[in-house]
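Colleague: I am new to reading models like this one, and I would love a close look at a single part. Could you walk me through the charged side chains and how they pair up?

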Amino acid sequence: MKILNDKSIVTFCGKTKDTIGVVLGLDQLMRAPEKVAHGALFEFDAEFAKELQFLELPLVSVAYLDDDETLVALSENGDIRLYGTTGLRSESFEPSLGPMRAVKLIGTKLFASGVSAQFFSREGDGTWTDISPPRATDSSLRSSIVESIDGFAENDIYGAGENGVIWRFDGENWAAVQTATNLAYYAIHCADNGVVYAVGQLGILARGRGDSFEIVPQNKEFADLWGVRLFEDALYTTSMRAMLTLEDDELVPVLPAMELAMTFYGLDVVDGVLWSAGEKDIIRFDGSKWSRFVDPEWV
């Protein structure tokens, strides 16, 4: 993909079976000795790479509102940009305990997570409310970086934390669920089958719901896992350089995907399509065939 010759994908989310929202970073700036805050919002399909806006913000996560027309981008410092049919709008909140990491549409509301177990929710008028657990919570848990957030409903939300902790929200309170590991979770997924899947450091994989989770034992050590999705009853997960699936409780490579792409990171499922986006590769799976986006025209 020519547009990625000097740019890399920072993060993405699916919009439809044909289109994704993407944050691109300029390789030269991302690799500079001093960090330069920036992010370019794009929409990609198989034919066009449409640039929406270049922002001098450290963008870390994107999501679509339920109208599927408004792309929401979150920065580390709580700046929000919404790009829709009426152009660009701005919102913000103050994460006083450190950078934010993820934004996700759950039900009809946006939720955000970040370091120090910070959580925010967006109200209907565009204001953001701090719904973090009380400061009195155990300090080792309060320092937890929550890299990913997902939910079955607005009163049944989960966050991927450090030290083997999975955070759970019942609509009023957060609880820190300790799983049988001290490794960090980097991605979490509330699947259509009613199971919560969490993946992360050194190939850790947990599944469960509520306050009960089990670790799926692996007979070998994998690289860190950064994406996880259930698609057509099969569980897929990604490291930076591999696509894996769970077969008989063993993670095995997905060779057709790895023949098309060399970089992996995030996963998403929209309209019956599994999307994968790494730094330099975008591929998708419709249940029967893997395909790759190649050289869309920059517009």
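To start with one residue: does Lys-7 count as buried or exposed?

Modeller: Happy to help! Please keep in mind that this is a predicted model. Lys-7 counts as buried, because its relative accessibility is 8% and the limit for buried is under 20%. The side chain of Lys-7 has a partner: Lys-7 and Asp-6 meet in a salt bridge, with 2.9 Å from N to O. Asp-6 counts as partly exposed, because its relative accessibility is 42%.

That pair is one of 15 salt bridges counted in the model. Another joins Glu-69 to Lys-15, where the closest N and O atoms are 3.9 Å apart. Since a salt bridge needs the nitrogen within 4 Å of the carboxyl oxygen, this pair qualifies. Glu-69 sits in the loop between strand E5 (59-64) and strand E6 (71-75), while Lys-15 sits in the loop between strand E1 (7-14) and strand E2 (20-26), so their salt bridge ties together parts that are 54 residues apart in sequence. With a relative accessible area of 42%, Glu-69 is partly exposed, whereas Lys-15 is buried at 12%. There is a further member to add here: Lys-15, Glu-43 and Glu-69 are linked in a network of salt bridges.

Now look at Lys-35 and Glu-76, whose side chains meet in a salt bridge of 3.1 Å, N to O. Lys-35 belongs to the loop between helix H1 (27-30) and strand E3 (39-44), and Glu-76 to the loop between E6 and strand E7 (79-84), so this pair ties together parts that are 41 residues apart in sequence. Lys-35 counts as exposed, because its relative accessibility is 65%.

Some acidic residues gather with one another instead. Asp-66, Asp-67, Asp-68 and Asp-271 form a patch of negative charge on the surface. Within that group, Asp-271 comes from the loop between strand E25 (266-270) and strand E26 (273-277). At 53% relative accessibility, Asp-271 counts as exposed.

For a contrast, try Asp-281, in the loop between E26 and strand E27 (282-285). Asp-281 is buried, with a relative accessible area of 7%. Leaving out residues up to four places away in sequence, Asp-281 touches Leu-4, Ile-9, Leu-260, Ala-261, Met-262, Thr-263, Ser-276 and Arg-292. Arg-168 is another matter: its C-alpha atom and that of Asp-281 are separated by 33 Å, and the two residues are 113 apart along the chain.

Methods: Residues are numbered from 1 along each chain as its sequence is written. This is a predicted model: local features need pLDDT of at least 70, side-chain atom pairs count only at pLDDT 80 or more; totals for chains, interfaces and linings use all residues. Side-chain values use heavy atoms; hydrogens and water are left out. Patches are made of residues with over 30% relative accessible area and no salt bridge: like charges are joined within 9 Å, nonpolar side chains (Val, Leu, Ile, Met, Phe, Trp, Tyr) within 5 Å. Accessible areas come from the Shrake-Rupley method with a 1.4 Å probe; for residues, only the protein chains shown count as cover. Lys and Arg count as positive and Asp and Glu as negative; His and the chain ends are not counted. The place of a charge is taken as NZ of Lys, CZ of Arg, CG of Asp or CD of Glu. Helices (H or I, at least four residues) and strands (E, at least two) are DSSP runs, numbered from the N terminus. Buried means under 20% relative accessible area, exposed over 50%, partly exposed in between (1.4 Å probe, protein chains only). Contact means heavy atoms within 4.5 Å.
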